[in-house]
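Work through these exercises with the structure open. Try each task before you read its solution.

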Amino acid sequence: MAGAGPGAQASAGPEPGPTGAVDRTGAANRTGAAKVGAADTAGAPARVAVTEAAAVMMRKLYAANGPLMFHQSGGCCDGSSPMCYLAGEFRTGASDVLLAQLAIVDITEPVMFWMGREQFERWRHTHLTVDIVPGRGGGFSLEAPEGVRFLIRSRLLTDAEDAVLNR
Amino acid sequence: MTVFIAPGRPDALMSYQPRYEHWIGGEAVAPAGGLYFENPTPITGQPFCEVARGTAEDVERALDAAHAAAPAWGRTSPAERAEVLNRIADRMAMNVDRLALAESFENGKPIRETLAADIPLAIDHLRYFAGAIRAQEGGLSQIDEDTVAYHFHEPLGVVAQIIPWNFPILMAIWKLAPALAAGNAVVLKPAEQTPVSVHYLMSLIADLIPPGVVNIVNGFGVEAGKPLASSGRVAKVAFTGETTTGRLIMQYASEHIKPVTLELGGKSPNIFFDDVSRARDDFYDKAQEGFAMFALNQGEVCTCPSRALIQRGHYGDFLSDAIARTERMKQGDPLDTETMVGAQASNDQLEKILSYLDIGQSEGAKVLIGGERVELDGELAGGYYVQPTIFEGDNAMRVFQEEIFGPVVAVTQFDDYDDAIRIANDTLYGLGAAVWTRDGTTAYRAGRAIQAGRVWTNCYHLYPAHAAFGGYKASGIGRENHLMMLEHYQQTKNLLVSYSAKAMGFF
């Protein structure tokens, strides 16, 4: 599994995302600020980490397009992959959960990481790392023309993380 | 055994052009932005052509061409449109080997499948909709003695179709056939992973289709798919893909109050009741093959039977036979007719599958066979190959809940009928499912109880025209492969006609 690099931080405070929809039922966004890059070893746990290579691509996309968001996809073909959009491009709602507000170095606005609520119920015992691999296309995700694809790598939450994140 | 010569080599049955433009208004049109992207074959990982990198400007040109062609095409008689579809089918039937080679080379799938399934099914699909549009009736309803409601089918006009990469030609035909039969003009965007096999098809059939009736814009989703899907100039969007993009397309459609049809994948349960193993006969052998269907098309099928539920009484024996069957799968060069399992369609698809092999084991699922990438020798060394893999675990694990889209099946056991239905329905999706039993009553009850649009009963992975295909739950909206899809491409015009000379009496 790719290590989480130093390029990313996450906070997961309870303030609403740009679409105004925020999970208030005990999902990820109550856990307080956490440095994603370091969360595996120190600090409060987070659900989502970002590899340095993925953070580099986020910075590039941010510079070219503006503020970003992710929505984790399920299903067919290009599914089960994180989709990266301009912030607000994908309208989240009551059926979504905000897993993290990723703080990426040199990106002013937090990068919201969302997932459908029902899908989250089946993923909540795992920790996600946004990585990037060479690839070709995938939905309307912003990075595809760069010849790369964001990819989720997963591991089980540790008991300590689970106690904090899923209590 | 036959090994087809790869496109581009001397004596190959077909070859791709070094470059493909868009296909707009019946001719090749260079991208407005002047950019192209490379198209690799997953068999070796090597690029074999470049493809127009479309943008909103190209989409607008394609929409201009489609709108110019749509009125005349929409006024043609059903017989004329049926004739066009039948001629396309005939032309494809004369070129089955070439089309099969084109699709296998671009997608990485075994040519035995494209020869036996993808291309013949596409041909039959065209003929089916040619017949269906001839046979379609409007309606008339006698409201009262002097009042009649006439219902006419009218084409929508110009429709957008976004095609997936797992069956580049078959999925294009699944969408094109009903749209064209119903009298619509189409702007079609192939997947960027498999952008040119549909261009090769078009090179064989272009003379049969009026210019502008079918337009192809290539490019990346964000650059070409999004302007197409979000355009106010399309009357409908048809999409096959995944849930987040499906939702996004619905959001765009809501801005213009346009309909969508969506096919968004699944996590299909394949249920084997104890009585399957009552005898070691043909039926048992067929059920074993039904289990092995998880590897068809390298698992890159929305209805991949990726969850096998085996009843406790025969669990051990049935599963060990299934492992042995999986062991016998021949993996290798997709262009060899003996090959059963070819290459995954792209590098990112390969990486995603590997990430699931990782999390599956982290969660405690046991690998019974496979579980790793395959490094083939020689020219195939750069290709994207994964071992057919059987996981054993629990339905709550992520490998049981997410569509891996690889040759990976997750196996668990169940106690009785109720347990089987509970596990089968414990999923976000509802596209496909299968029930295997020698008991007709069990088969019927289970088939009705499973929340999925298609329940194969004592069979799997059959896709005949005239059997409706589509999803429950998060698996989508609409039914393809059946004449009911015609109505997804039609408006209903009601003429309410009075034959009375008398005033109504209000004023």
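**Exercise 1.** How are helix 1 of chain B and helix 7 of chain B oriented to each other, and why?

*Solution.* Keep in mind that this is a predicted model. Start with the axes. Those of helix 1 (residues 56-75) and helix 7 of chain B come within 8 Å and cross at roughly 45°. Next, place that angle: 65 to 115 degrees would be roughly perpendicular, and under 35 degrees roughly parallel. Helix 1 of chain B and helix 7 of chain B are therefore oblique to each other. Their crossing is right-handed.

Now find the residues. Helix 1 of chain B brings Ala56(B), Asp58(B) and Val59(B), while helix 7 of chain B brings Ala224(B), Pro227(B) and Leu228(B). Sort this contact by class: five residues are nonpolar, none is polar and one is charged.

**Exercise 2.** Describe the side of chain B that touches chain A.

*Solution.* Count first. The contact joins 42 residues of chain B to 39 residues of chain A. Then look for helices. Helix 7 (221-229), helix 8 (243-256), helix 11 (347-362) and helix 12 (398-401) of chain B each supply at least two residues. Helix 11 of chain B gives the largest share, eight residues. Last, the classes on this side of chain B: 14 nonpolar, 16 polar and 12 charged.

**Exercise 3.** Which domains make up chain B, and how do they meet?

*Solution.* Chain B splits into domain 1 (19-264 + 475-493) and domain 2 (269-457). Their C-alpha centres lie 30 Å apart. Domain 1 of chain B puts 19 residues into the contact, and domain 2 of chain B puts in 25. On the domain 1 side, helix 3 (96-107) and helix 4 (111-135) of chain B give two or more residues each. The largest share there, three residues, is from helix 4 of chain B.

Methods. Residues numbered from 1 in each chain as written. Chains lettered and ligands numbered in written order. Predicted model: local features only at pLDDT ≥ 70, side-chain atom pairs only at ≥ 80, totals over all residues. Contact = placed C-beta atoms within 7 Å. Helix = DSSP H or I, 4+ residues; strand = E, 2+ residues; numbered from the N terminus. Nonpolar A, V, L, I, M, F, W, Y, C, P; charged D, E, K, R; others polar. Axes fitted to C-alpha atoms, helices over the stretch in contact; angles between N-to-C directions. Parallel < 35°, antiparallel > 145°, perpendicular 65-115°, else oblique. Left-handed = near helix turned anticlockwise from the far one by under 90°. Domains from an automatic or database assignment.
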